[in-house]
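Visitor: I should like a close look at a single part of this model, namely the place where the two chains meet. Please describe how the helices there are arranged and which residues take part.

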Amino acid sequence: MRQLIQTVALGLLAGGVYALMASGLTLIFGVMNIVNVAQGAFLILSALFTYELWTRLGLDPILSIAVTTPVMFLVGWVVYRLFVARIRHAPASMSVLLTFALAITLEGAMGLVWKNVYRSVTPRYFASSFHAGSLFFPRAQVFAFLTALVVLAILYVLLTRTWTGRAIRASSANPQGAQLVGVSIGSVAAMTFAVGVATAGAGGSLLSILYTFFPASHYQWISRLLGIVVLGGMGSLPGAVIGALMLGVAETVTATYISIRWAVVVFYLVILIVLLIRPQGLMGVRLREDVAL
Amino acid sequence: MSAGRGKGLLRWAVLLAGLALLVAFPLVRREDAYHQTVLFLIFLFAVMSGGWNIISGFTGYVSLGQSAFLGIGAYTVALVALHVHVSPLFLIPLGGLAAAASAAVLGAVVMRTRGHSFVIITIAFLFLMQTVALNWRSVTHGSNGITLPLPRWNTDLGNMPFYYVMLGLMVLSVALSGWIRRTKFGMGLIAIREDEDKAAVIGVRTSVYKVLAFVASAVLIGIAGGVYGYFLTFIDPRGMFDILMSVQIVLAALLGGRGTIWGPVLGAFLLVPMNEITNNYFGGSPGERLFVFGLLLGAVVLFLPRGVIPTIRGWIDRIREARRPAPAPHPSATAASRTAGPGAAAALEEGAPLLEVDGLIKRFGGVVAVDQCSLFVRRGSITGLIGPNGSGKTTLFNLVSGMSRADRGTVRFDSRSIDRSPAWDRAYLGIGRTFQITRLFKHMSVLENVVAPLGRFAWAQLGADAVSGPEARRAQELLEFVGMLPLADQPAGRLSFGQQKLVELAQVLMLEPQLILLDEPAGGINPTLIQRITELIRELNRQGVTFVVVEHNMPLVLNLCDPILVLARGRCIARGSPETIQGDPAVLDAYLGEGWGRVEERLEV
């Protein structure tokens with residue numbers, strides 16, 4: 001019993017961080033109807049930036065979020081303007097190929113710069129844990145979880161309380177309607193993509209203390225994120241949070257009770273099963289697709 | 001005509017000469033192992049991209065996990081070869097079988113989804129297979145991989161057996177693609193790519209078509225996997241279930257031209273040498289290769305999305321087009337031939353309801369588009385369906401034709417409940433529909449559009465020629481009936497909106513329907529064509545076809561339809577002759593949006 005509680009608690013801690021990582025993917029999909037397969041590569045890129053900041057300047061990885069988030073925002077904005085903007089109106093099959101091309105180009109570039117070596121960031125608090133009775137909570141996990149919550153809360157406020165945020169949500173709900181009331185869909189899309197990549201900036205910094213990573217790890221991460229977003233409902237932010245917590249728990253439970261090597265299979269199976277039984281996910285809505293856009 | 005035949009002969013001559021060169025190469029350059037291997041890899045990629053092209057090029061479902069079938073084939077053949085003492089080359093059909101079987105299972109699952117879901121599932125499938133191969137150590141030896149015995153043939157032969165087997169597979173792959181493209185099956189796949197809902201409405205049983213396409217796309221890759229594994233004499237999970245392999249498959253097909261028959265082959269001949277150059281001149285570290293292929297894929301998607309062959313073909317067409325004036329459309333109406341189906345003609349007993357809708361509800365999120373709608377349509381009538389914008393007319397058509405499912409309520413056609421029938425079954429029963437904004441397959445010719453509908457499903461029919469014999473003749477008759485025969489060879493996308501409406505009507509008539517749902521037949525077209533369409537509807541109705549017409553052109557509705565049904569807020573609020581409807585205050589209220597409470601009280605049935 002103790003072991004189960006411990007496992008679930010650790011799963012929830014991981015899930016909170018997953019939620020932050022998946023938020024950008026679902027946001028971009030919601031507004032632009034583009035599956036950004038490069039989101040995993042952006043995560044790893046940010047983790048590598050964090051690694052550099054930590055080894056060269058000794059900057060704490062959690063504090064470095066203040067650097068990686070704006071940097072990745074900029075990266076996202078540039079990538080949008082240079083590439084993604086050109087295929088805004090292309091069919092879904094082409095946009096996914098483009099983001100996939102982005103992912104492997106980034107993977108290749110990271111391999112050239114940082115080599116294919118496993119890395120991780122290990123600040124001093126890394127090894128110790130908080131204890132509550134017989135349960136333990138690794139400090140790194142707790143800090144990462146809390147940071148993820150704070151960033152998600154900021155994102156939430158940004159989306160609900162600012163004009164830009166409302167424009168993003170309006171474009172997601174009804175692009176034509178948003179355009180009619182004066183929202184420039186193009187700039188909103190650029191903003192959304194940049195914000196989405198910026199969340200990968202924060203997520204990547206947290207990733208760097210929790211997991212070892214190397215350029216090709218992005219496949220593993222994008223699989224995780226896709227599983228979460230598919231489960232929660234593509235385009236739904238609350239769905240991504242719920243999906244992340246559920247899969248975080250499912251993954252740790254599998255790792256503890258079956259085998260750590262099979263844990264990642266949870267995400268693949270979830271993708272297959274959810275898309276079969278309830279393609280719109282937990283929180284997604286099936287919209288009518290027959291009306292000409 | 002003879003010029004066309006001469007061109008056909010020339011093409012065959014070129015192909016045979018090319019094939020002869022490839023056959024002769026290893027015999028002439030026996031010692032040149034390097035170039036033999038390069039050619040072997042080219043054939044391999046041509047086979048894989050050719051397979052990908054069937055599901056993603058013809059059918060429009062992009063797969064990023066196609067290399068999983070290579071791994072499945074390789075592992076199947078290798079595992080069997082460890083236990084039986086036969087050359088693995090004789091076991092390669094098993095690889096194809098395993099790939100086909102897994103594609104059938106996965107296809108039955110994923111083909112229920114649309115759009116983005118399919119790509120995501122194929123990626124997940126590839127990684128799932130890799131993880132299974134890594135972790136199921138008792139069978140696959142995990143990351144240690146499986147070592148196959150070296151070939152036992154005379155070492156003088158070198159890799160020649162591999163070379164010829166793969167060359168044979170490439171020829172097979174091109175033949176398979178070419179055959180599919182010519183058949184009704186292939187035409188159905190293209191229809192699915194262009195507009196899947198529309199394909200279902202005209203009787204293409206999309207679920208079966210898609211699974212078959214997926215199986216067809218996997219089988220040769222599986223066989224090739226068996227050959228490739230034996231060629232390497234070592235297989236491991238990372239090499240066999242490699243996402244980079246999938247990327248190259250996609251890249252080759254895109255480069256050459258997806259949806260074409262020779263595109264994948266051309267793409268393979270471009271891609272593999274590029275791969276070799278990167279390996280030989282740029283060090284070929286994984287990082288460099290990924291970087292180069294990533295950039296290349298991005299560049300092709302952005303700047304050459306159609307691929308080399310279609311782009312060049314487009315140029316040629318444009319040059320030809322400039323030289324030849326487009327044919328003028330036929331202005332005069334031709335006399336009607338017998339166009340309605342025998343079922344329709346036989347069942348001319350006026351009065352019995354052909355279509356009954358009872359308590360139908362359809363919600364989109366919070367919006368109730370159709371709300372407890374009940375109505376019936378008498379056999380042999382031309383029933384008008386009017387109502388303000390947003391009153392649920394088109395949604396009702398979608399529910400009746402099977403394009404979307406009702407949340408509650410029943411639809412009966414010819415006294416049979418059809419609630420559970422998919423769109424194609426409804427087409428087989430005799431329900432046809434047109435669309436407010438026409439939905440022809442824009443890249444197919446007008447004639448192909450009219451031949452595409454299928455009045456029934458039969459396995460044997462899948463392999464039949466797409467445009468041939470009695471069906472082509474009937475399609476020409478129907479085109480003549482609607483006055484569009486002179487445009488039969490034009491791509492449908494070039495026609496004017498009104499002309500497209502006429503072609504869409506001919507397309508629906510191909511199903512020999514008993515009931516036709518017309519969604520704004522007169523919307524957005526000129527008065528002459530409106531006159532023409534009205535005449536056609538009357539003529540078809542005389543032959544026994546029942547119509548439901550949604551239309552905003554009131555003079556037309558009042559003149560053509562009897563009875564008229566009025567829809568408001570998703571309900572049928574009035575029914576009657578044109579005179580009654582014109583005088584009904586409830587109808588005026590519905591259109592002017594006043595006194596809703598009163599109206600509902602008065603009209604509650």
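Guide: A crossing is called left-handed if the near helix is turned anticlockwise from the far one by less than a right angle. In this predicted model, helix H11 of chain A, residues 265-277, passes H5(B) in just such a left-handed crossing. The axes of H11(A) and H5(B) are 9 Å apart, and the two helices pack at an angle of about 145°. On the H11(A) side, the contact is formed by Val265(A), Tyr268(A), Ile271(A), Leu272(A) and Leu275(A). H5(B) answers with Ser117(B), Ile120(B), Ile121(B), Ala124(B), Phe127(B), Leu128(B) and Thr131(B). Sorted by class, the contact of H11(A) with H5(B) comprises 10 nonpolar and 2 polar residues, with no charged ones.

H5(B) also meets a second helix of chain A, H9(A), which spans residues 218-232. The axes of H9(A) and H5(B) come within 11 Å and cross at roughly 130°. Angles from 65 to 115 degrees count as roughly perpendicular and those over 145 as roughly antiparallel; H9(A) and H5(B) are therefore oblique to each other. Their crossing, too, is left-handed. From H9(A), the residues involved are Tyr219(A), Ser223(A), Leu226(A) and Val230(A), and they meet Ile120(B), Ala124(B) and Phe127(B) of H5(B). This contact of H9(A) with H5(B) contains 6 nonpolar residues, 1 polar residue and no charged residues. Ile120(B), Ala124(B) and Phe127(B) thus appear in the contact with H9(A) and again in the contact with H11(A).

These helix pairs may now be placed within the interface as a whole. In total, 40 residues of chain B are in contact with 40 residues of chain A. On the chain B side, the elements that contribute two or more residues are helix H5 (116-135), helix H12 (243-256) and helix H14 (286-303). H14(B) gives the most, with 12 residues. By class, the side of chain B that touches chain A holds 24 nonpolar, 13 polar and 3 charged residues. Charged residues are thus present on that side of chain B, whereas the contact of H11(A) with H5(B) has none, and neither does the contact of H9(A) with H5(B).

Key. Residues numbered from 1 in each chain as written. Chains lettered and ligands numbered in written order. Predicted model: local features only at pLDDT ≥ 70, side-chain atom pairs only at ≥ 80, totals over all residues. Contact = placed C-beta atoms within 7 Å. Helix = DSSP H or I, 4+ residues; strand = E, 2+ residues; numbered from the N terminus. Nonpolar A, V, L, I, M, F, W, Y, C, P; charged D, E, K, R; others polar. Axes fitted to C-alpha atoms, helices over the stretch in contact; angles between N-to-C directions. Parallel < 35°, antiparallel > 145°, perpendicular 65-115°, else oblique.
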